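Colleague: I'm new to this one and would like a close look at a single part of it. Could you take me through it slowly?

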Amino acid sequence: MHIEDQNMALDFDRAHIWHPYTSATHPLPTQLVESANGVRLCLADGRELIDGMASWWCAIHGYNHPRLNEAAKAQIDKMSHVMFGGITHQPAIDLCRRLIDITPARLQHVFLADSGSISVEVAMKMAVQYWQAKAKPSKVKMLSLRGGYHGDTFAAMSVCDPDTGMHHLFNNAVIKQLFTERPQCRFNDEFDQASTDDLERMLTKHHHEIAAITLEPIVQGAGGMWFYHPEYLTRVRELCDRFNVLLIADEIATGFGRTGKLFACEWANIEPDILCLGKALTGGYMTLAATLASAEVANGISANGGVFMHGPTFMGNPLACAVANASIDVLFENDWHKNVSRIETKLEKELQNAKALSSVEDVRVLGAIGVIEMKKAIDTVAAQAFFVKRGVWVRPFGKLLYIMPPYSISSEELSMVCLAMIEFAQEQTA
Ligand SMILES: *Cc1c(COP(=O)(O)O)cnc(C)c1O
């Protein structure tokens, strides 16, 4: 792309286009990407960046994948979209059958939503409607974990961490929910029996008003990239059963192999009552999410002629479903588990080198997720410039320097990303 055209495009962007979590008038700088191929982002100025972010957990097979392209093109020639009210179609049927097959057995009913946040809203509405149908109309609150992230719409925001989330900006506009402390016990440590004490105390006191516990199993993502002990999840399931509270597992980030299990709930062998999927569902091609519910929840809501009150315009979009089907095929054909294990081993080996640095607080790896937690907040603008210069795409937030690359990244490419991260952390010690 000609340099003047690039500058004109970037000027317009800066003047008129909102980007995530940044000022409309003084935005953070953006890179102009012209195309993407495999694990590389191709900039308009001709440079290429090895992608460590998989476009926020989504692009698990890399970009411009022939199989996913083919699925999208074939579906476009049939139909891109039809309304889902009174109409159904094969791409949605195939996808829902597949999702029921690969997720925990209890989950038998699928609601196709158009984004992760909406799938969380849908999950919360399901939980409330379920208890209403069970003649327990006081059970309307959510109990969530501190440090969680569940999306940016109002109800989803209400279950995000109350301090680091956006509650303070919206004050009384956000529904007041209940919170328990972040699970302290690390994934690899011996389980601390006291981990669930606060949760148990909260449930004992408030169970009559709680519809569901909403949590991200094992990995808390955007709320701090924290990995907690599977036994915690086992306990949560037991407590939910004991106190008559539903369990909503938000696997929008962790789903489809990212943590080393196909779904993070498998680390504890537990089944949620409601499961949210999104992000990698379409291999990063387009927006689609799903909320799966147990037969018990679906039957409850549907008793006495009850219907679930939600229906997005783009529900079950055939184009997105067709690509999701191809993405799930590729996931299994390419032996995702082998790739995620390979990435995990490599991340463990390479990121260890950051542990001794005085600027580094903690290093943690799980599946295809690598995190260097710094002692101080990272200057995002400086970090972005640093990484682009080294030919990699890593975008830190807060104190966290983290990656979750496409599963197709080669070990050499991954080394380059890790090396750049270590160099960045090194530079911060000076
Ligand atoms: C990204 C994310 C969401 C929100 O999904 P959107 O598609 O951005 O609305 C919800 N929960 C978790 C765990 C996420 O990582």
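Colleague: Which residue in β11 does D250 stand opposite?

Modeller: D250 stands opposite C276 in β11. Before going further, keep in mind that this is a predicted model. Let's stay with β11 for a bit and then work outwards from there.

The strand that D250 brings in is β10, residues 246–250, and 3 bridges join β10 to β11. These two run parallel. Next comes β12, which pairs with β11 in the antiparallel sense, over 4 bridges. One pair to look for there is L275 with its bridge partner L292 in β12. In general, strands of a sheet pair through backbone hydrogen bonds, either parallel or antiparallel.

Now look at the two faces. In a regular strand the side chains alternate between the two faces of the sheet. In β11, I274 and C276 are on one side, with L275 and L277 on the other. All four are buried, and both faces of β11 are covered.

What sits against this strand? One residue to pick out is T103, in the loop between α4 (90–102) and β4 (107–113). Away from its close sequence neighbours, T103 is in contact with F263, L275, L277 and L292. So L275 turns up twice: L292 is its bridge partner, and T103 is in contact with L275 and L292 alike. T103 counts as buried because its relative accessibility is 5%, under the 20% limit. Its side chain also has a polar atom 2.6 Å from the backbone oxygen of L99.

Step back along the chain from β11 and you reach D273. The side chain of D273 makes a polar contact with the side chain of R237, at 3.1 Å. R237 lies in helix α9, residues 230–243. With a relative accessibility of 8%, R237 counts as buried too. Leaving aside residues within four places in sequence, R237 is in contact with R106, V245, L247, I270, E271, P272 and D273. L247 is worth finding in that list, as β10 covers residues 246–250.

Go the other way, past the end of β11, and there is K279, in the loop between β11 (274–277) and β12 (289–294). K279 counts as partly exposed, because its relative accessibility is 28%, which falls between the 20% and 50% limits. Not counting residues up to four places away, K279 touches W56, W57, C58, I252, A253, G284 and L288. For a sense of scale, the C-alpha atoms of K279 and G311 are separated by 20 Å, while the two residues are 32 apart along the chain.

Following the chain on through β12 takes us to a pocket. The second largest pocket holds about 230 Å³ of space. Its lining is made up of H109, V110, F111, M126, A293, A298, I301, S302, F308, H310 and M315. Of the elements involved, β4 and α10 (295–302) are those that give two or more residues to this lining. By type, the lining has 8 nonpolar residues, 3 polar and no charged. β4 ties this back to T103, which is in the loop between α4 and β4.

For contrast, have a look at another sheet. It is an open one of 4 strands, in the order β1-β2-β3-β15, with mixed pairing. β1 (33–37) and β15 (392–393) stand at the edges with a single partner strand each, so one side of each has no neighbour in the sheet. β1 is joined to β2 (residues 40–43) by 4 bridges, and the two run antiparallel. Here S35 stands opposite C42. The hairpin of β1 and β2 has 2 residues between the strands, and G38 in the turn has a positive phi of about 60 degrees. From β2 to β3 there are 3 bridges, again antiparallel, with L41 opposite L49. That hairpin has 4 residues between its strands, and G46 in the turn has a positive phi of about 100 degrees.

Finally, helix α13 (residues 380–389) has T380, A383, Q384, F386, F387 and V388 buried. Those buried residues pack against β2, β3, β15, β16 (400–403) and α14 (411–427). At its N-terminal end, D379 acts as a cap, with a side-chain oxygen 3.1 Å from the backbone nitrogen of V381. Just after α13, G391 takes a positive phi of about 75 degrees.

Notes:
Residues are numbered from 1 along each chain as its sequence is written. This is a predicted model: local features need pLDDT of at least 70, side-chain atom pairs count only at pLDDT 80 or more; totals for chains, interfaces and linings use all residues. Side-chain values use heavy atoms; hydrogens and water are left out. Buried means under 20% relative accessible area, exposed over 50%, partly exposed in between (1.4 Å probe, protein chains only). A polar contact is a pair of N or O atoms within 3.5 Å; within protein, one must be able to donate a hydrogen and the other to accept it, and residues adjacent in sequence count only if both atoms are side-chain atoms. Contact means heavy atoms within 4.5 Å. On a 1 Å grid over the protein atoms alone, a cavity is a set of points where a 1.4 Å probe fits but cannot get out, and a pocket is an open set with protein on both sides within 12 Å along at least five of seven lines; lining residues have an atom within 4 Å of a point. Grid points are joined across faces, edges and corners, and a volume is the space filled by probe spheres set on the points. Ala, Val, Leu, Ile, Met, Phe, Trp, Tyr, Cys and Pro count as nonpolar, Asp, Glu, Lys and Arg as charged, and the others, Gly among them, as polar. Two strands pair if DSSP finds at least two bridges between them.
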